[in-house]
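Let's walk through this structure together, starting with how its protein copies are arranged and ending at the nucleic acid.

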There are 2 protein chains.
Amino acid sequence: MDKASRSPAMTDVARLAGVSHQTVSRVLNDHPNVKEQTRIRVRAAIAELGYRPNRAARALVTGRSQLIGVVARNSTLYGPASMLTEFEQAAADAGFAVSVGSVRELDRSSISAVVDRHLDQRVAGLVVIANVASAAEALAEIPGDVPVVFIDGDPASGRPLVTVDQVAGARAATRHLLDAGHETVWHVSGPTDWFDSAGRIQGWKQTLLEAGAEVPPLLSADWSAAEGYRTGQMLARMPEVTAIFTANDHLALGILRALHERGRRVPHDVSIVGFDDVPEAAYFIPPLTTVRQAFGDVARAALSLLLGQMRDDSGTAHQIVVPPQLIVRESVSRPA
Amino acid sequence: MDKASRSPAMTDVARLAGVSHQTVSRVLNDHPNVKEQTRIRVRAAIAELGYRPNRAARALVTGRSQLIGVVARNSTLYGPASMLTEFEQAAADAGFAVSVGSVRELDRSSISAVVDRHLDQRVAGLVVIANVASAAEALAEIPGDVPVVFIDGDPASGRPLVTVDQVAGARAATRHLLDAGHETVWHVSGPTDWFDSAGRIQGWKQTLLEAGAEVPPLLSADWSAAEGYRTGQMLARMPEVTAIFTANDHLALGILRALHERGRRVPHDVSIVGFDDVPEAAYFIPPLTTVRQAFGDVARAALSLLLGQMRDDSGTAHQIVVPPQLIVRESVSRPA
DNA sequence: AGCAGAAATGTTATCGATAACATCCGCTTT
DNA sequence: AAAGCGGATGTTATCGATAACATTTCTGCT
């Protein structure tokens, strides 16, 4: 009826239900000491007025909001972007809003600025998507009393953290190529300051060593198809290269093109395994064998760690590692 | 010195500067009637204490926060994901935090839930990334007194809105193929309920009609490489198809593979133009001619419209259209 | 010098919730 | 029956800012 008027406050509900505003507050917060009958009366009044609590007021008095702050690098890379949307979804399902603080670089001052902005908003918790080593500095910027969970990042920090087991993924990929009969496997890595890159390099190297295979020189690139292409032009000229494991699917795409231009067929002459399983990987030429990361699982795990910290302070700094999965398609065969 | 204590409030600053808290408030909000000398004194006190205003308190009294709510579909598609990060960046640069409300589908009830969550947080404004027709329903869910800007969406609504000129992009793509000498151009569109799709279809059809070319049947797909591949399998069997314009780059990728499998060479036998210019498009086989959208420009335009609405209510419902750009690479040549 | 009017500053009320404490009531316990 | 206790509820203070109004201090002008 009276849509134009100010949205109802707690006192309006109280008046309608014939109780004090504090009792309304108790009902809202599921306080035990409220008679069932009044609880029902209050609930009815809330529904009738379409009352919704004012988060700002609550945040002011409790010093904490229903908002989770995320610190992430501004990126449209498949991995980071997926991570972000999955987390938003998980948080939304749990009734939290997500405030995203994008930074161009994960350096100390950028992180500091974003964290400050989040603390201004009195976020209930922080999630740092710390995919590069420099992000460890973020630790220093975050006061001890606000719940924090890292996604990716350095397990050695001892902080609550969720990661995909990059080492295991790289092992599976490398193993797969060795099992196909290749003498060794070349690796084109991502930027070496990324934890993801480091883990994948480690898994690759370990597997070769354990198999007694020679370890070729490491080739590093950024994550782009462009650098994959440049690296691929070099690899295409080396007949001894028959198996390549790339740190992501886009690198593989660039290499695929370079090989194609040189007339080296995949998988007949060269086998390739990627990482990420981007949706279009199945439609590369040829369809790419790759490693899939369960971003949704990571997001949900991170959220539950965060909620755990928000509930009790007993916060045993749990760390969760999510296993990746090898997706076999057609870019691998035994060597000629 | 006293790091452990509660973070300083306005009164603390006032005491240190020897003024009233209201004067501090005036300095903070750049109120004109403050003597330069006191302004300096207050600023110094702020710096000394490391004071940062409490947004929750401000939001409570003003009824509005420094938070911009975004309603978007949960998606890792290149376009939507880019749009989102670009907007976050623009907002951050302007001192706003961004609360992202992802929804699985842009239907009425999902939108309603997300909008309510945002209003609970007393967002200063809302941005709706309304890439499908059903999002128009969002209009009904948003009260008139909160600033809103649509990104994509129906210009006919009369609401403030920023879009990329999809029609112009499609015209450029189609024109480019016709100019190369092709008799007509086939089009594989995105889902027809997307505004982007509709605009691209329209631009394609118009251009063909104006050129007196025959209009082939429209092929629609989702945005995935998978459907591109399926559609491509069909097109590859039709020798009369020599030119294809796809609604995005991933569709083009799938088609590229299907053509490759059938032995039809690109661009020798078939020419292709995509849309989006995803970073890896230059590394498809062959490098893809495509249409680039300036998401950053769109984001900044949307933000400035929003800020305009927040300042004055004179809100002439401006609409901004950003032109796209044809990126010529190697997937087009004259027909055999 | 005196006074209006503007500029600079201070005081008090207010936003809408939770926290802390006070009160009331009914029931058990001795 | 008085004391004691805990459950249910109400009262008042509080968070930290802005709004509205009140007051003081400068100006410039007659």
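The paragraphs below take up the symmetry and then the surface around one DNA strand.

Keep in mind as you look that this is a predicted model. Begin with the two protein chains, A and B. Chain B can be superposed on chain A by a rotation of 180° with 0.1 Å of shift along its axis, and the RMSD is 0.4 Å. That is the relation of a two-fold axis. If you would like a landmark for the axis in chain B, look for Ser99(B): its C-alpha is the nearest of that chain, 2.1 Å away. The contact between the chains fits this picture, since 100% of the interface residues of chain B are also interface residues in chain A, so the copies meet through the same surface.

Now turn to DNA strand C. There are 27 residues around this strand, and those that come nearest are Met10(A), Ser25(A), Tyr51(A), Ser20(B) and Arg26(B). Of the strand's atoms that come within 4 Å of the protein, 56% belong to sugar and phosphate. By class, the surface near the strand has 12 nonpolar, 12 polar and 3 charged residues.

Some side chains place an N or O atom by a phosphate oxygen of DNA strand C. For Tyr51(A) the distance is 2.7 Å, for Asn29(A) it is 2.9 Å, and for Asn33(B) it is 3.5 Å. Looking at whole elements, α2 (21-28) and α4 (55-62) of chain A, along with α2 (21-28) and α4 (55-62) of chain B, are those that give two or more residues to the surface near the strand. The largest share, 5 residues, comes from α4(A).

How values were computed:
Residues numbered from 1 in each chain as written. Chains lettered and ligands numbered in written order. Predicted model: local features only at pLDDT ≥ 70, side-chain atom pairs only at ≥ 80, totals over all residues. Heavy atoms only, no water. Near = heavy atom within 4 Å. Polar contact = N/O pair within 3.5 Å; in protein donor to acceptor, adjacent residues only side chain to side chain. Helix = DSSP H or I, 4+ residues; strand = E, 2+ residues; numbered from the N terminus. Nonpolar A, V, L, I, M, F, W, Y, C, P; charged D, E, K, R; others polar. Least-squares fit on C-alpha atoms with pLDDT ≥ 70 in both. Contact = heavy atoms within 4.5 Å.
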